[in-house]
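Open your viewer and get ready to click along. Each stop below tells you what to select and what you will find there.

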Amino acid sequence: MDNLLNVAVLGSTGYVGMELVRILDKHPNVKINFLGSDSIFNKHLEALNENKNFTNLPLLKNNNEFDCTKSDLVFLALPHGISNKYVKKFYGKIKIIDLSADFRLDNLSSYIPDYGENHSCPEYMNEFTYGLAEINKEKIINSNYISIPGCYPTSILLPLIPLFQKNILNTKNIIIDSKSGYSGAGKKFDISNIKKHNEFNFYNYNTNTHRHINEIKNELIKHALSEVSFSFNPHVLPNFRGMMSTIYCELNDKNNVND
């Protein structure tokens, strides 16, 4: 088919990258013409995970070998602090969908406390559309640069933003209790922290200091009529995938709620 979209994925061997390739490989209007990695080359992606059935895909190449003139769109499934270097290189030359946190926030001052100063093009941060499709669909359709939201923020923003927009909730004193499978921690996660033989455990971490807090607040305040405050308590569960956020809120007085 002549109307296929030629798509590249850099960082295709990580959890996120491999899942993305699985989805794209099944899309009827997509042709994957480049798969990049920073450590595995000249192998088929299928060889890295026999449970994934990839068909007719190119061999893995070094991320740096990607030629942006040969693709219509590139996905950057790269770590925070690395992705922005490729954006600087490709900006203005190809459509970019970034899955890291490098362009989720609106400015560098919000980014540095959580991800450090390793950002090579903060001037492009405001050029990216926050890719929460249920909220920003029209903006995404018309954007050449999209930043995919973080996992916890997605589970929190989707239920809260519509309620904020209708002025149904008190935007203060919100309690967010979130639980995630350990795949969210990436391939370097030490599974022995939660799984030992037949014993299972789970634990909370970074309560009210998690680096997704700035991202959550950054998006919530765009839809709130008053100050936003919340507590955030994330947990890691002894299962590979999945995420659930339980959110406790106070309703506004019904006389102040918009129709």
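Start by selecting Phe128, a buried residue with a relative accessible area of 8%. The model on your screen is a predicted one, so keep that in mind as you go. Now add Phe103, which counts as buried because its relative accessibility is 2%, under the 20% cut-off.

**Stop 1: rings**

How many aromatic pairs does a search of the whole structure find? The search turns up twelve. The two residues you have selected make one of these pairs: the ring centres of Phe103 and Phe128 are 4.3 Å apart and the planes are at 20°, so this pair is stacked. Follow the chain from one ring to the other, and you will see that the pair links distant parts of it. Phe103 sits in the loop between S5 and H3, Phe128 in the loop between H3 and S6, and they are 25 residues apart.

Before you move on, add Tyr91, Tyr124 and Tyr145 to the selection. Together with Phe103 and Phe128, these residues form a cluster linked by ring pairs.

For a contrasting arrangement, select Phe128 once more, still buried at 8%, and then jump to Tyr152 and Phe232. Is the pair of Tyr152 and Phe232 stacked or edge-to-face? With ring centres 5.4 Å apart and planes at 75°, the pair is edge-to-face. Tyr152 belongs to helix H5 (residues 151–165) and Phe232 to strand S12, so this pair ties together parts that are 80 residues apart in sequence. Both Tyr152 and Phe232 are buried.

One more ring is worth a click: Phe230. Lys217 lies over the face of this ring, 5.9 Å from the ring centre.

**Stop 2: Asn84**

Select Asn84 in helix H2 (residues 83–90). Asn84 counts as buried, with a relative accessibility of 0%. Look for Ser120 next: its backbone nitrogen lies 2.8 Å from a polar atom of the Asn84 side chain. Which residues is Asn84 in contact with, if you leave aside its neighbours within four places in sequence? They are Asp102, Phe103, Tyr111, Asn118, His119, Ser120 and Cys121. You have already met Phe103 from this list, in the stacked pair with Phe128.

**Stop 3: the sheet**

Switch to a cartoon view and find the open sheet of seven strands. Reading across the sheet, the strands come in the order S3-S2-S1-S4-S5-S7-S6, and the pairing is parallel. At the edges stand strand S3 (60–62) and strand S6 (129–130), each with a single partner strand, so one side of each has no neighbour in the sheet. Zoom in on S2 and S3, which pair in the parallel sense over three bridges. Here you can select Gly36 and find Lys61 of S3 opposite.

**Stop 4: helix H1**

Now select helix H1 (residues 15–25). Its buried residues are Gly17, Met18, Glu19, Leu20, Val21 and Leu24. What do these buried residues pack against? They meet strand S1 (5–10), strand S2 (30–37) and strand S4 (73–76).

**Stop 5: salt bridges**

Stay on H1 for a moment and show the side chains of Arg22 and Glu19. These two form a salt bridge, with the closest N and O atoms 2.5 Å apart. Because Arg22 and Glu19 are three residues apart in helix H1, about one helical turn separates them. Glu19 is buried, at a relative accessible area of 17%, whereas Arg22 is partly exposed at 27% relative accessibility. Add Arg241, and you have a network of salt bridges linking Glu19, Arg22 and Arg241.

The structure holds six salt bridges, so here are further ones to click. Select Lys179 and Asp177: their closest N and O atoms are 2.4 Å apart. Asp177 is buried, with a relative accessible area of 18%.

For the last stop, select Asp106 and Lys222, whose side chains meet in a salt bridge at 3.4 Å, N to O. Asp106 lies in the loop between strand S5 (95–98) and helix H3 (108–115), and Lys222 in the loop between helix H6 (213–220) and strand S12 (230–236), so the pair ties together parts 116 residues apart in sequence. Asp106 counts as partly exposed at 26% relative accessibility, and Lys222 counts as partly exposed at 44%.

Definitions and conventions. Residues numbered from 1 in each chain as written. Predicted model: local features only at pLDDT ≥ 70, side-chain atom pairs only at ≥ 80, totals over all residues. Heavy atoms only, no water. Buried < 20%, exposed > 50% of the residue type's maximum accessible area, 1.4 Å probe, protein only. Helix = DSSP H or I, 4+ residues; strand = E, 2+ residues; numbered from the N terminus. Contact = heavy atoms within 4.5 Å. Salt bridge = Lys/Arg side-chain N within 4 Å of Asp/Glu carboxyl O. Pairing = 2+ DSSP bridges. Phe/Tyr/Trp six-rings, centres within 6.5 Å; stacked < 30°, edge-to-face > 60°. Lys NZ or Arg CZ within 6 Å of the ring centre and 35° of its normal. Polar contact = N/O pair within 3.5 Å; in protein donor to acceptor, adjacent residues only side chain to side chain.
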